[in-house]
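Reader: Hi, I have a new structure to go through for class. Can we take it piece by piece?
Author: Sure. Here it comes.

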Amino acid sequence: MLRTGETICSPATSGGGAIAVIRMSGKDSIGICSSVFFPFDITAKLEEKPGFTITYGEIRQEDELIDDVLVSIFRAPHSYTGEDAVEISCHASPYIIQKILEVLVSKGAVAAQPGEFTMRAFLNGKMDLSQAEAVADLIASESRAAHRIAIEQLRGSFSDEISKLRADLLHFASLIELELDFGEEDVEFADRDELRDLVNKVLKITRDLSSSFSLGNAIKNGVPVVIAGLPNTGKSTLLNRLLKEERAIVTEIPGTTRDAIEDVTVIDGIMYRFVDTAGLRETGDIVENLGIRKTLEKIMSATVVLLLADMNEGTAAMSALLEGVREQVTGQDKKLIIVANKIDKDPLYNRDNFVSALEMKPEEKVLFISALTGEGVEDLKQTLGEILMNERLSSEDVIITNIRHYEALVQVTESLERVLSGLEDKLPEDLIAIDVRQAIHYLGEITGEITTDEILGNIFKNFCIGK
Ligand code: GDP
């Protein structure tokens with residue numbers, strides 16, 4: 001995969017629209033383009049054009065006119081890849097695109113592999129690895145929240161954070177290693193308390209970052225929500241209302257039936273994925289009838305649980321369900337919202353009685369709505385966004401969304417925990433130094449200071465062609 005001598009080309013736009021862009025990067029890109037491009041201003045010479053200029057003309061294959069195009073020139077290192085590069089804007093006919101690529105290849109360019117432009121940008125130091133990964137996330141972002149995280153990462157906020165931690169640890173390592181250099185002399189350059197403080201500081205940040213992963217991942221792929229509750233409490237009515245009022249994207253997973261159709265919708269900039277609520281509608285035996293067992297299974301995969309209760313029914317069965325759900329949710333990084341439905345009917349309970357009949361805990365969130373008339377549903381949407389984002393998205397905190405980063409951070413955390421206990425147990429410096437170096441290594445993997453062809457291959461194969 002690593003080939004940097006060739007000049008690569010590929011379409012950069014995906015079907016449709018009036019205009020398509022073909023990009024080319026590499027040392028021969030301007031020369032290759034020039035050999036098939038004829039400017040309308042016959043005094044203009046592509047090879048002599050400075051970077052960031054656009055030239056109008058036509059592309060020909062031998063005598064055959066292919067298209068009128070605009071050619072943008074980029075000169076190294078001031079391009080996306082850091083190499084000389086060309087972007088050809090042509091008409092978006094698949095035939096024209098194919099033809100232009102053909103003539104470019106006939107003049108010596110080769111077809112780009114997925115992510116090859118961005119990989120070159122990384123190899124040429126235009127961005128670090130986590131920024132390169134953010135490019136793919138940015139292209140794939142489907143909601144405001146996912147977009148915000150990707151663009152921050154592209155701007156380098158995550159890289160900065162990691163680099164700072166790495167610098168701290170390198171300082172730590174240098175102190176320890178200095179002691180090692182003095183071998184038998186038993187000197188301590190580094191105050192042990194200071195070392196411990198430093199490791200604790202770094203640990204707190206790596207733990208916070210790792211724990212942001214479940215939220216980050218949910219935002220990127222859609223926050224999984226289960227609407228749970230006894231039969232006839234209004235689950236489908238609520239789901240339909242949420243989907244109807246918002247931009248609903250229904251994704252059908254191939255090879256499955258209705259049960260696995262996912263209902264996805266964007267509410268206030270966050271994408272939610274309703275987890276297989278269809279399966280909760282029909283039930284058989286008595287335990288099943290209460291829906292408890294199935295509900296609990298579904299909750300396993302959810303980040304948010306909306307537990308629906310009917311304000312006009314007795315609370316005994318609901319109490320039992322709530323008890324089970326609580327157990328499932330506690331300590332699990334899941335959010336529970338209790339939703340008391342059907343407030344439009346003359347309710348059996350007033351709100352206070354309802355709360356005390358269910359023995360709700362003070363920290364538990366309860367909302368009163370009518371899924372039928374829509375009353376209170378606006379509050380519910382707002383609450384959904386707030387409980388997810390409050391601490392996180394509104395602040396400057398970095399949120400990680402990438403499993404590769406998460407796994408590296410877990411390794412960093414584990415290494416640092418070993419350093420702490422090593423300091424505690426007064427282990428010899430050389431043993432402590434091993435764990436510190438390991439933490440530094442894993443931090444370097446995130447930003448790409450340390451990479452292998454395998455890591456690069458895995459990352460860039462998931463990119464689209466042309467990026
Ligand atoms: P599910 O079994 O939990 O999915 O419940 P459904 O959404 O199928 O609703 C069961 C019944 O309750 C239906 O007849 C709904 O029209 C009715 N229903 C749902 N929400 C409300 C509400 O807010 N007020 C009233 N009055 N009826 C509702």
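Reader: Let's start with helix 15. Which side-chain oxygen reaches the backbone nitrogen of R404 at the start of helix 15?
Author: The one on N402. That side-chain oxygen comes to within 2.8 Å of the R404 backbone nitrogen. Keep in mind that this is a predicted model.

Reader: Okay. How many residues does helix 15 have, and how far does it reach?
Author: Helix 15 covers residues 403-424, so to speak, with 22 residues in the run. From first C-alpha to last it spans 31 Å. That is close to the 32 Å expected at 1.5 Å a residue.

Reader: Which residues of helix 15 are buried?
Author: R404, H405, A408, L409, V412, T413, S415, L416, V419, L420, G422 and L423.

Reader: Why would residues three or four places apart point the same way?
Author: An α-helix has 3.6 residues a turn, so residues at that spacing face the same direction. In helix 15, A408 and V412 are both among the buried residues.

Reader: What covers the buried residues of helix 15?
Author: Several other helices do. The cover includes helix 4 (129-140), helix 5 (144-155), helix 6 (157-181) and helix 7 (192-211). It also includes helix 16 (429-447) and helix 17 (453-460).

Reader: And what follows helix 15?
Author: K426 follows helix 15, and its phi is positive, near 55 degrees.

Reader: New topic. What about the ligand? Which residues are closest?
Author: N232, K235, S236, T237 and D344 are the closest. In total, 15 residues surround the ligand.

Reader: How do those 15 split by type?
Author: The shell has 4 nonpolar, 7 polar and 4 charged residues.

Reader: Which helix gives the most to that shell?
Author: Helix 9, residues 235-245. Helix 9 contributes 3 residues.

Reader: Which polar atoms come up to the ligand's oxygen atoms?
Author: Three to look at. A polar side-chain atom of T237 is 2.5 Å from a ligand oxygen. A polar side-chain atom of K342 is 3.0 Å from a ligand oxygen. For G234 it is a polar backbone atom, again at 3.0 Å from a ligand oxygen. As for cover, the ligand taken alone exposes 570 Å², and the protein buries 75% of that.

Reader: Now R326. Where does R326 lie?
Author: R326 is in helix 12, residues 316-329. Helix 12 has 14 residues and reaches 20 Å, close to the 20 Å expected.

Reader: Is R326 buried or exposed?
Author: R326 counts as buried because its relative accessibility is 9%, and the cut-off for buried is under 20%. Other buried residues of helix 12 include M318, L321 and L322.

Reader: What does the side chain of R326 make a polar contact with?
Author: The side chain of E364, at 2.6 Å. R326 and E364 are 38 residues apart in sequence, and their C-alphas are 9.9 Å apart. Beyond its sequence neighbours, R326 also touches L358, E359, M360 and K361.

Reader: And just after helix 12?
Author: G331 comes just after helix 12, with a positive phi of about 70 degrees.

Reader: Let's switch to V225. Where is V225, and what does it touch?
Author: V225 lies in strand 8, residues 223-229. Leaving aside neighbours within four places, V225 contacts Y272, R273, F274, V275, A302, V304 and L306. V225 counts as buried, at 0% relative accessibility.

Reader: Any backbone oddities? What do most residues and peptide bonds do?
Author: Most residues other than glycine have a negative phi, and most peptide bonds are trans. Here, the peptide bond from A76 to P77 is cis, with omega near 0 degrees. P77 sits in the loop between strand 5 (64-74) and strand 6 (85-91).

Reader: Which residue between strand 10 and strand 11 should I look at?
Author: D268, in the loop between those strands. D268 has a positive phi of about 45 degrees, though it is not a glycine. D268 is partly exposed, at 48%.

Reader: And E62, is it buried or exposed?
Author: Exposed, at 70% relative accessibility. Phi of E62 is positive too, near 55 degrees.

Reader: Last one. How many helices and strands are in the protein chain?
Author: There are 17 helices and 14 strands. Of the 467 residues in the chain, 49% are buried.

Conventions: Residues are numbered from 1 along each chain as its sequence is written. This is a predicted model: local features need pLDDT of at least 70, side-chain atom pairs count only at pLDDT 80 or more; totals for chains, interfaces and linings use all residues. Side-chain values use heavy atoms; hydrogens and water are left out. A residue is near a molecule or strand if one of its heavy atoms lies within 4 Å of it. A polar contact is a pair of N or O atoms within 3.5 Å; within protein, one must be able to donate a hydrogen and the other to accept it, and residues adjacent in sequence count only if both atoms are side-chain atoms. Accessible areas come from the Shrake-Rupley method with a 1.4 Å probe; for residues, only the protein chains shown count as cover. Helices (H or I, at least four residues) and strands (E, at least two) are DSSP runs, numbered from the N terminus. Ala, Val, Leu, Ile, Met, Phe, Trp, Tyr, Cys and Pro count as nonpolar, Asp, Glu, Lys and Arg as charged, and the others, Gly among them, as polar. The expected span of a helix is 1.5 Å times one less than its number of residues. Buried means under 20% relative accessible area, exposed over 50%, partly exposed in between (1.4 Å probe, protein chains only). Contact means heavy atoms within 4.5 Å.
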